[in-house]
Amino acid sequence: MNASKLANYTDAKARQLWTTLYLCAKENPKRRFHALYDKVYRPDILAEAWRRVRANKGSGGVDGQTIERIVHEYGESKFLNEIYLDLKRKRYHPAPVRRTYIPKADGKQRPLGIPTIRDRVVQMATKMVIEPIFEADFKDCSYGFRPKRNAHQAIAQIRKASKQAYWVVDVDIKGYFDNINQEKLMKLVEQRISDRRVLKLIRKWLQAGVMEGVQFHETDWGTPQGGVISPLLANIYLNSIALHKHCFSIVYRIF
């Protein structure tokens with residue numbers, strides 16, 4: 001199977017899994033899913049997770065490993081097989097994220113946490129498995145970091161809603177990613193997921209710590225902005241705020 005056919009195959013399998021989990025979650029809003037971990041390291045899911053991480057590009061993490069080196073030197077098959085075995089044998093442990101900063105429009109800097117390529121692949125695979133479950137619960141007024149949704153759609157919805165109301169409220173949650181209560185977040189995740197192995201993975205990422213230069217910092221709060229899994233976790237946390245029955249009149253974004 002050539003690269004193009006393989007990509008189409010892994011994408012189709014991932015979409016099939018996504019749809020199945022979404023429909024199951026939508027059908028029963030109180031269902032908790034317990035058999036998910038083995039799907040995270042399924043070879044086709046890992047292959048698709050790697051394809052997406054590779055397509056997103058980006059720099060390497062604290063281990064210095066880059067996408068280019070994996071492709072041209074280390075070997076993609078070897079790289080994915082090692083991840084598969086580590087997950088299957090429950091010996092996977094994430095590395096701290098590498099802290100970097102990007103400038104904001106107001107002159108300040110936004111901190112980003114860059115996981116290793118290896119951790120990005122595992123996070124992507126996990127996201128592919130758990131995202132449809134929570135997508136079944138997310139409100140229509142949410143547009144940030146969601147599949148097939150973007151800022152332009154959010155703005156269009158605001159314009160539409162503004163014709164039916166006399167006011168619009170613009171709210172910016174300061175340092176949102178950095179100030180998420182991890183224990184509350186995990187309780188929200190546990191409302192839908194009971195697979196302890198998946199819950200352990202998520203907690204490991206939250207507590208992996210941050211390397212800023214040569215200085216290590218523990219992470220007792222927040223989920224590093226820049227991680228593959230972080231936007232989904234942030235939306236799970238934010239969704240609990242939007243459970244009011246009048247949520248249809250609210251459009252929120254966290255870009």
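In this predicted model, Thr66 sits in the loop between H3 and helix H4, the latter covering residues 67–74. Thr66 is neither fully tucked away nor fully out in the open: its relative accessible area comes to 27%, so it falls in the partly exposed class, the range between the 20% and 50% cut-offs. A polar atom of the Thr66 side chain lies 3.1 Å from the backbone nitrogen of Arg69. Thr66 also pairs up with Ile117 in space, with 6.8 Å between their C-alpha atoms despite a gap of 51 residues along the chain.

Ile117 turns up again in the packing of two helices, as one of the H6 residues that touch H5. Helix pairs like this are summed up by an interaxial angle and an interaxial distance. For H5 (residues 76–88) against H6 (residues 117–135), the angle is about 65 degrees and the axes are 11 Å apart. The crossing of H5 past H6 is right-handed. On the H5 side, the contact draws on Phe79, Leu80, Ile83, Asp86 and Leu87, while H6 puts in Ile117, Arg118, Val121 and Val122. Sorted by class, that makes seven nonpolar residues and two charged ones, with no polar residues in the mix.

Back in H3, which spans residues 43–56, there is Glu48. Its relative accessibility is 0%, so Glu48 counts as buried, the cut-off for that label being under 20%. The Glu48 side chain does have a polar partner: one of its polar atoms lies 3.3 Å from the backbone nitrogen of Asp11.

Methods:
Residues numbered from 1 in each chain as written. Predicted model: local features only at pLDDT ≥ 70, side-chain atom pairs only at ≥ 80, totals over all residues. Heavy atoms only, no water. Axes fitted to C-alpha atoms, helices over the stretch in contact; angles between N-to-C directions. Helix = DSSP H or I, 4+ residues; strand = E, 2+ residues; numbered from the N terminus. Left-handed = near helix turned anticlockwise from the far one by under 90°. Contact = heavy atoms within 4.5 Å. Nonpolar A, V, L, I, M, F, W, Y, C, P; charged D, E, K, R; others polar. Buried < 20%, exposed > 50% of the residue type's maximum accessible area, 1.4 Å probe, protein only. Polar contact = N/O pair within 3.5 Å; in protein donor to acceptor, adjacent residues only side chain to side chain.
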